[in-house]
Amino acid sequence: MRLNRGRQGCAPALVEGGAAIPVKNLDKIFRPRRIALFGAEDRPGNLGGAVQANLMGGAFDGVVFPIHPTREALHGVATYADVRQLPKVPDLAIVCNPAAEVPAIVEACGARGIKGVLVLSGGFRETGREGAVLEDQLEAIRRRHDGMRILGPNSLGVILPAIGLNASHAVTMPKAGHLAFISESRALCNSVIDWATEEGIGFSAFVSTGNRLDIGFGDLIDWFGNDPKTQAIIVYLQSLTHARRFMSAARAFAMTKPIVVYKAGHYAETVDAVASHTGDMVGEDAVFEAAFRRCGVVRAYELDDIFDVAEVLASQRLPRGARLGILSNAGGSAIIASDALLSRGGEMAALDEATAAALRDLLPPAARHRNPVDILDGAPPERYGTTLELLLADHNVDAVLVVFSVQSGNDPLTTAQVVVDRARRAAKPVLAAWMGGARVRQGIQVLNEAGLPTHKTPEQAVRAFMHLVSYARNLEALYQTPRDVPVRFDLNRRKLRRRLEPLLAGRRRSMANQAMAFLKAYGIPVCHTCVVASADEAVQAAARAGFPVVLKVMSPQIPHKVEVGGVALDLPDVEAVRGAYHRILEDTRRHCGDVELHGVCVQPMVALEGVELILGAKKDPTFGAVIMVGMGGVATNVHNDRALGLPPLNEHLVRQMLESLRAWPILQGYRGQPPVDMDRLIEVIIRFSLLVADYPEIDQFDINPLRCTSNGVVALDAFMVLDTARPPAGAEAFSHLAIRPYPEDFVRHGRAADGTPVTLRSVRAEDEPMWHGLVASSSTESIRFRFRSVFRQTSHRMAVEHCVIDHERQISIVAEVALDEGTEMAGIAQLLADSDHETAEFAVLVSDPWQRRKIGGMLLDHCMELAAKWGVQRVMAETDPQNRRMLEAFKKRGFTAEVHYEDDVVFLHKTLGSQRPVPAPALPVG
């Protein structure tokens, strides 16, 4: 959606659903007009020769310059001895030479001004230390030549069927289509191309990433997100670097088009995982799963599903839920589909009584009139059509699967045509499974040509439907507005860090009292703890705390105290405390030998009612900090009931995690037990998320148990493991997070022209109600200028596009004013950067009651300040020629204006210079 100009405001000239404009210089690789080919030979089996044959054998109408130091021509095409002899500067250089020669070639390309380089040669990092040294040399060369982009090394290449470009050594040129396939595995690519060609699957692009020295998954997703030929992306990955870049790009793409990922390798674990329960319970694959879900990616678990899933997602409407209606002409195939649906978590739609009655009137007596609907083996095409219409009209049905089995006398072609006719008119997804061989081929072709992907078996169709459901749920989560759960801190978080800094020094493993200090500082209720060094001190501490009490051993080397006899519960008196003290030390020594002991802690015994959870964090090697919540207490690992989320977390994300637990009914109140204080539990998890975000030094953190009752939440025990590898000086803030958190430090305070106090801050998802109020208080003319249309009311989806933003690529500042009846959004400004943060586009809207009070200028000034800190070099905007106040504001700030009278628009731009990003503060200001 284009963000259009407003009355006191302006809008970006190029914004599509929040996606960034194309990544710098990737057009040199994916839209080349002139190509230099290094390493071309005419020897059989030669890499360069195979690539040259592919380049010449396609329909590419650009120019190819083969480079060869001694040959005059290859395959009848004139060669050049050196890149310096080329008549024009190529857009793209393809390098096929041995690895040792590649750095010098890339250096020569940089000197000639070539910006796009595709390195197909192997022999780099994938081969060991010597290859890694060569790859480091390539990276150093790339950095010396500003704007150079390198795809590879060790890449199969790039295929762009729409322009006839096969810049690869793949064996086949696939047909043109709307799927972009991006693969980390070079070996897999040829097999996939061959397979897809046989199945008739077309591609907008086929990209082998190779070693991803420069261009990674995030860059490619951003590029193809702006490619009109690409309707869906398929990614095959084994590992991931630059997780934040990937998350940001994938989320932007998934907001408008589906992205399917197949992740190979499910079970890698970190060596030190067992240092805490959280480390033990949170495996690498589970973190990938949580990350994909967070950014809206659909994950395929079977390789032969990926194209099927992508086709379905790109061509189908999204279902409201998982309730599937099944229509078949064979009872056996209907049962197969039903079993597949239920085994994958789907629901058999319960047909409305009116639908069942209509089916009884329509179908023969022997037919089945309930879901799954069996219309019998000799069903004519019109019976299929009428039954499908009834199922689609039922409000209890979210989608319909039509299964056709070849029977004597039935008509697969006409039936397919009837199904296509009904599906085109439907507002719900229709899936098809045409079972058979040669007899059903024409029917399948009709269905596929109509954009109705067809499956060979009911199980395949059901899997595709469940991926459709998954994508719909992911999108719903992306567009969900959380409730505003206020999390306020009494302390400035910078001062808080200075106070807690001493606890981060020294040992890697911290004890419970140190971990509890962090929790208490972040407003998380903790059980009062007193550390003692003798039985007498334990007795005195117990008397102060009040009986009964709990004793726990204190050692940084013992994270799981119960397992070594280091815990004594419900001690009623002095004698029990004295005996438990000596017993705990003896049992600990017997189990653990000569470990480092720091005494025993004494806590009041907390009542046993309520639910015990574990709340933890772990630093994942790919995605950084991860939050885990699940069933806790002594049976933590037995339950294995846990949910993961990536910080920062809000109310909706936390609730989603809790609802996914098998223990959710218990938290809600089960068999007469009162429900836990859900709002307080959600707040505690949000506070814990902020703690983990603020301290990159935290490697692992356990709160176990976290006792949850109807009256509140309290941490009974905690354990913390610190990361000895601290971030380097000057490192970007929050580099340990895969998602950039809310920028607390963007807050500014000022006054409007009439003296009204105004707070400028970054927008929050919870601001949706105020955003609706902002637009509602704007005149029809303002709305028409801003959105290029007039609408009666705003929608939730519109609000989400303005309030739920990715702080990695967008700055959105609201002007908030305090009134007697509450706060109000007087205006909102947006600064949307391209993927390289070189150019940003500015937009602002101020509601009519707050115009003429200099609020638009305040928002513009604040955004320009933030743009400079962001490293943006050029700010652009557009506005209406009649918007004289904003034009004057831009003029005062040094913007250049270009009036386009035919479009009735003024384009504005200002160069900020070559200022690079200023590192954000180490902590946000509370």
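This passage covers the nonpolar cores and two helix pairs of a predicted model. Local features need pLDDT of at least 70 and side-chain atom pairs count only at pLDDT 80 or more, while totals for chains, interfaces and linings use all residues. Residues are numbered from 1 along each chain as its sequence is written, and side-chain values use heavy atoms, with hydrogens and water left out.

The largest nonpolar core (buried Ala, Val, Leu, Ile, Met, Phe, Trp, Tyr and Cys joined through side-chain atoms within 4.5 Å; buried is under 20% relative accessible area with a 1.4 Å probe, protein chains only) holds 114 residues. Touching the most other members are Phe30, Ile94, Phe224, Phe246, Phe307 and Phe623. Helix H16 (residues 458-478; a DSSP run of H or I, at least four residues, numbered from the N terminus) gives the most, with 10 residues. Another core, of 55 residues, lies apart from this one and includes Trp664 and Phe688.

Turning to helix packing, the axes of H14 (residues 412-425) and H15 (residues 441-449), as lines fitted to C-alpha atoms over the stretch in contact, come within 7 Å and cross at roughly 15 degrees. H14 and H15 are therefore roughly parallel (under 35 degrees, on a scale from 0 to 180 degrees between N-to-C directions). In their contact (heavy atoms within 4.5 Å), H14 supplies Pro412, Leu413, Ala416, Gln417, Val419 and Val420, and H15 supplies Gln442, Gly443, Val446 and Leu447.

For H25 (residues 768-776) and H27 (residues 796-803), the axes come within 10 Å and cross at roughly 105 degrees, which makes H25 roughly perpendicular (65 to 115 degrees) to H27. Among the residues in contact are Trp771 of H25 and Met798 of H27.

Notes. Buried means under 20% relative accessible area, exposed over 50%, partly exposed in between (1.4 Å probe, protein chains only). Helices (H or I, at least four residues) and strands (E, at least two) are DSSP runs, numbered from the N terminus. Angles under 35 degrees count as roughly parallel, over 145 as roughly antiparallel, 65 to 115 as roughly perpendicular and the rest as oblique.
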